[in-house]
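Here are my notes on the model you sent round. Have the structure open while you read, and click through the residues as they come up.

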Amino acid sequence: MSNNGGKRRRSRWIMWPFKAVIWFVGLSLFFVVLYRFVPPPVTLTMILDGNGITKDWTPLSNIDPNMARAAIAAEDSKFCSHHGFDVDAIAKAAMHNASGGRVRGGSTISQQLAKNLFLSGERTWWRKAQEAVITVMIETVMTKRRILEIRSEEHTSELQSPMYLVCRLLLEKK
C-alpha cells in the first residue's frame, strides 16, 4: 500500500510558505497600484493608533509646497534622487546603532510609507524584508509626487496638524 496521503500532507506544508509569499506580494501589489490612483481610506498606522480613524484626504496641490520641502529636508534629503533606499543613511544608522545609545533609523520616505500603509511597527528582520519588497513596488508604480502626497497625508492624519508635523520633524533631527 502506498503512502500518497502522507506525501500530499508534506507537500502542502512545503508549499504553504511559497503560497503565502505569493499572496503577500500579489495583495501588496494590488493595493500599491490601487493607491496610485485612489487615496488610501485608512492606513495600518491609523488602525493601530489608539486615537481612532479620522481623516479627510487633501491633495498635495492643496498643501503648502514649503511644508513638503520641510518634510523632505527633515526625513529624507535624497528623496528625489534615490529609488526607495538611501544606502548611505542606512549604513550610517547601522553604524550608529551598533555603537549603542538611542536607536536611529535610516528609512526613506518610501520605506516609511510602505511600513505605515501595510505593516506593523515591530522591529524585526522579517518586517524589514517585507518593507523592502513593498518599497520596490511603491517606487516602481507610484510617482515621487504621489509617494510624498500619501506620506504627507498620513502624517497629518496622525498629528491632525500639518504645522505640528513640520515642527516635530525638524526638532527630531537635532
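The points below go from the whole chain down to single residues.

1. First, a reminder that this is a predicted model, so to speak a computed picture throughout. The protein chain has eight helices and zero strands. Read from the N terminus, the elements go α-α-α-α-α-α-α-α.

2. On burial, 33% of the 174 residues in the protein chain are buried. The accessible surface of the chain adds up to about 11,300 Å², and carbon and sulfur atoms own 63% of that. As for contacts, take those in the protein chain with a separation of 6 or more: 68% of them join residues 24 or more positions apart.

3. Now have a look at the nonpolar surface patch of about 630 Å². Its members are Leu 27, Leu 29, Phe 30, Val 33, Leu 34, Phe 37 and Val 38. Leu 29 sits in helix H1, which covers residues 4–37. How exposed is Leu 29? With a relative accessible area of 38%, Leu 29 is partly exposed, and it can count towards a patch because that value is over the 30% cut-off. Phe 30, another patch member, is also partly exposed, at 49%.

4. The aromatic rings deserve a point of their own. The whole structure holds three aromatic pairs. One of them is Phe 30 with Phe 31: the ring centres are 5.1 Å apart and the planes meet at 80°, so this pair is edge-to-face. Phe 31 also pairs with Tyr 35, with centres 5.8 Å apart and planes at 45°, so that pair is tilted. Ring pairs tie Phe 30, Phe 31, Tyr 35 and Phe 118 into a cluster.

5. Where do Phe 31 and Tyr 35 sit relative to each other along the chain? Both are in helix H1, four residues apart, or about one turn of the helix. An α-helix has 3.6 residues a turn, so residues three or four places apart point the same way. Their burial is worth checking too: Phe 31 is partly exposed at 28% relative accessibility, while Tyr 35 is buried at 8%.

6. There is also a charge over a ring to look at. Lys 144 lies over the face of Phe 79, and the distance to the ring centre is 4.6 Å.

7. Helix H5, residues 109–118, is mostly covered, with eight of its 10 residues buried. The buried ones are Ile 109, Ser 110, Gln 111, Gln 112, Leu 113, Ala 114, Asn 116 and Leu 117. That list includes polar-named entries such as Ser 110 and Gln 111, and both turn up again in the next point as contacts of Thr 135.

8. Finally, Thr 135, which belongs to helix H6 (residues 125–141). Is Thr 135 buried or exposed? Its relative accessibility is 0%, so Thr 135 counts as buried. Leaving aside residues up to four places away in sequence, Thr 135 touches Gly 84, Phe 85, Ser 110, Gln 111 and Ala 114. For a distance to check on screen, try Thr 135 and Leu 113: they are 22 residues apart in sequence and 7.9 Å apart in space, C-alpha to C-alpha.

Note on methods
Residues are numbered from 1 along each chain as its sequence is written. This is a predicted model: local features need pLDDT of at least 70, side-chain atom pairs count only at pLDDT 80 or more; totals for chains, interfaces and linings use all residues. Side-chain values use heavy atoms; hydrogens and water are left out. Patches are made of residues with over 30% relative accessible area and no salt bridge: like charges are joined within 9 Å, nonpolar side chains (Val, Leu, Ile, Met, Phe, Trp, Tyr) within 5 Å. Accessible areas come from the Shrake-Rupley method with a 1.4 Å probe; for residues, only the protein chains shown count as cover. A salt bridge is a side-chain nitrogen of Lys or Arg within 4 Å of a carboxyl oxygen of Asp or Glu. Helices (H or I, at least four residues) and strands (E, at least two) are DSSP runs, numbered from the N terminus. Buried means under 20% relative accessible area, exposed over 50%, partly exposed in between (1.4 Å probe, protein chains only). Contact means heavy atoms within 4.5 Å. Rings of Phe, Tyr and Trp (its six-membered ring) pair if their centres lie within 6.5 Å; planes under 30 degrees apart count as stacked, over 60 as edge-to-face and the rest as tilted. A charge sits over a ring if NZ of Lys or CZ of Arg is within 6 Å of the ring centre and within 35 degrees of the ring normal.
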